[in-house]
Amino acid sequence: MYSKKLIKVHVELSNICNAICPQCLRNYVDKDTGELTVRETLNTHELLLNDYKNIFDNDFFKNFQLTRANFCGNISDPIASRDLKEIIEYHIINNPNTQITIATNGGLRSNKWWSEFGKILSHVEHLVYFGIDGLEDTHSLYRINTNFNKVISNAKSFIKNGGKASWQFLEFKHNEHQVSQAKELANKLGFEEFNHIVTPRFANRKINKIKYTYKNKLFLLEESSNGVSKKLKVQTKSGNISCKALEDNEFFLDHDGAVYPCCWLAQRKKNDHGLLQHHDKKMNALKNSLTDILTDSFFLKKLKDSWEHDPSHSCTKFCDNQGNNRKDKYTITNKLIEITV
């Protein structure tokens with residue numbers, strides 16, 4: 001499946017995050033109490049620098065040229081990883097032309113840490129996406145357990161020291177009136193771009209609102225007036241898969257070392273029949289050569305064959321070429337500054 005020398009990786013460095021966002025896979029609303037709750041299996045594991053070096057070894061760099069390392073994932077914030085700086089520096093040493101992208105809520109670490117991080121990244125092509133969903137009065141209604149002023153302060157320290165940042169704004173009912181103000185603020189603070197996203201995640205629910213409590217406070221999260229859930233619920237599927245991972249020549253590395261084509265397959269690994277052929281030991285880069293997994297994997301070949309007759313739920317949901325739920329379809333990117341290296 002991965003025969004090209006130029007390749008990209010999407011990395012989940014850990015299962016650790018400071019935020020408690022109600023539509024994140026990390027969290028659920030308890031059916032009995034209505035309390036927004038973090039799953040007990042989380043905040044337990046991360047890939048450290050030595051793990052990372054063992055995975056991305058000399059053999060990998062001899063066989064592949066890594067064009068982009070995207071630190072995002074399903075259930076973590078990369079900034080929570082204790083060895084993130086060192087891992088980024090390891091990439092730069094092995095290939096200074098590798099583009100670095102990072103998605104974060106921006107609520108962790110100090111101004112000093114972010115200043116240093118900006119300096120490290122200033123020498124390479126990069127972009128850090130800050131999830132800021134509104135202004136001071138609305139941001140934390142979704143990004144629970146984060147503080148707007150701290151996030152902005154961290155972003156300013158990062159930008160001031162050579163960091164290139166993107167403001168990523170998820171639109172809901174409670175913040176839809178602030179999109180223009182947020183965009184103006186992003187421009188004033190020196191963000192490179194402003195990404196405005198009408199989230200498609202309400203399509204997974206019967207109704208377009210979520211009620212829950214957190215620390216004895218009642219919350220109501222509602223889809224924005226520009227919501228897309230109704231359209232997504234009735235969209236027609238063609239049955240033809242246009243695999244984004246294959247198009248981008250990108251693979252997904254999970255925090256436990258498991259290798260998947262994409263984050264969507266990784267997030268459904270326990271309840272997607274199409275993943276029965278994913279042998280955890282054989283597809284784990286901590287136990288086997290990453291180069292061998294990418295170039296000669298039974299699972300990846302089997303997955304590709306399945307698109308002809310029985311594609312997995314994840315493949316159909318996110319990569320059907322006629323109707324899919326990928327958020328990039330609902331993202332409006334406004335370039336505020338011409339990005340240069």
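Reader: Which residues do ring pairs link into a cluster?

Author: Keep in mind that this is a predicted model. A search of the whole structure turns up 21 aromatic pairs. Some of those ring pairs join up into a cluster, and its members are Trp113, Trp114, Phe117, Phe130, Phe158, Trp167, Phe169, Phe191 and Phe194.

Reader: Okay, take Phe130 and Phe191. Is that pair stacked or edge-to-face?

Author: A pair of aromatic rings is described by the distance of the centres and the angle of the planes. For Phe130 and Phe191 the centres are 6.1 Å apart and the planes sit at 85°. Planes over 60 degrees apart get their own label, so this pair is edge-to-face.

Reader: How many residues apart are Phe130 and Phe191?

Author: Phe130 belongs to strand β6, residues 126-131. Phe191 is in the loop between α7 (179-189) and β8 (193-198). The pair links distant parts of the chain, and the separation is 61 residues.

Reader: And is Phe191 buried or exposed?

Author: The cut-off for buried is under 20% relative accessible area. Phe130 comes out at 0%. Phe191 has a relative accessible area of 0%, so Phe191 is buried.

Reader: What about Tyr212 and Phe219: stacked or edge-to-face?

Author: Both residues are buried, with Tyr212 at 2% relative accessibility and Phe219 at 10%. Their ring centres are 5.2 Å apart, with 5° between the planes. Planes under 30 degrees apart pass the cut-off, so the pair is stacked.

Reader: Let's move to the sheet. Which strands are at its edges?

Author: Nine strands make an open sheet with mixed pairing, ordered β12-β11-β1-β4-β5-β6-β7-β8-β13. An edge strand here pairs on one side only. That leaves us with β12 (259-260) and β13 (331-335).

Reader: Which residue in β13 is the bridge partner of Ile197?

Author: β8 and β13 pair in the antiparallel sense, over five bridges. Look for Ile197 and its partner in β13, and you land on Thr331.

Reader: α7 lies across β7, β8 and β13. Within what arc do its buried residues fall?

Author: The buried residues of α7 are Val179, Ala182, Ala186 and Leu189. An α-helix has 3.6 residues a turn, so residues three or four places apart point the same way. On the other side of α7, Ser180, Glu184 and Lys188 are exposed. Seen down the axis, the buried ones line one face of the helix because they fall within an arc of 95°.

Reader: Which residue follows α7, with a positive phi?

Author: α7 covers residues 179-189. Right after the helix, phi is positive, near 95°, and the residue is Gly190.

Conventions:
Residues are numbered from 1 along each chain as its sequence is written. This is a predicted model: local features need pLDDT of at least 70, side-chain atom pairs count only at pLDDT 80 or more; totals for chains, interfaces and linings use all residues. Side-chain values use heavy atoms; hydrogens and water are left out. Rings of Phe, Tyr and Trp (its six-membered ring) pair if their centres lie within 6.5 Å; planes under 30 degrees apart count as stacked, over 60 as edge-to-face and the rest as tilted. Helices (H or I, at least four residues) and strands (E, at least two) are DSSP runs, numbered from the N terminus. Buried means under 20% relative accessible area, exposed over 50%, partly exposed in between (1.4 Å probe, protein chains only). Two strands pair if DSSP finds at least two bridges between them. Contact means heavy atoms within 4.5 Å. Axes are lines fitted to C-alpha atoms, for helices over the stretch in contact, and angles run from 0 to 180 degrees between N-to-C directions. The arc is that of the directions from the helix axis to the C-beta atoms.
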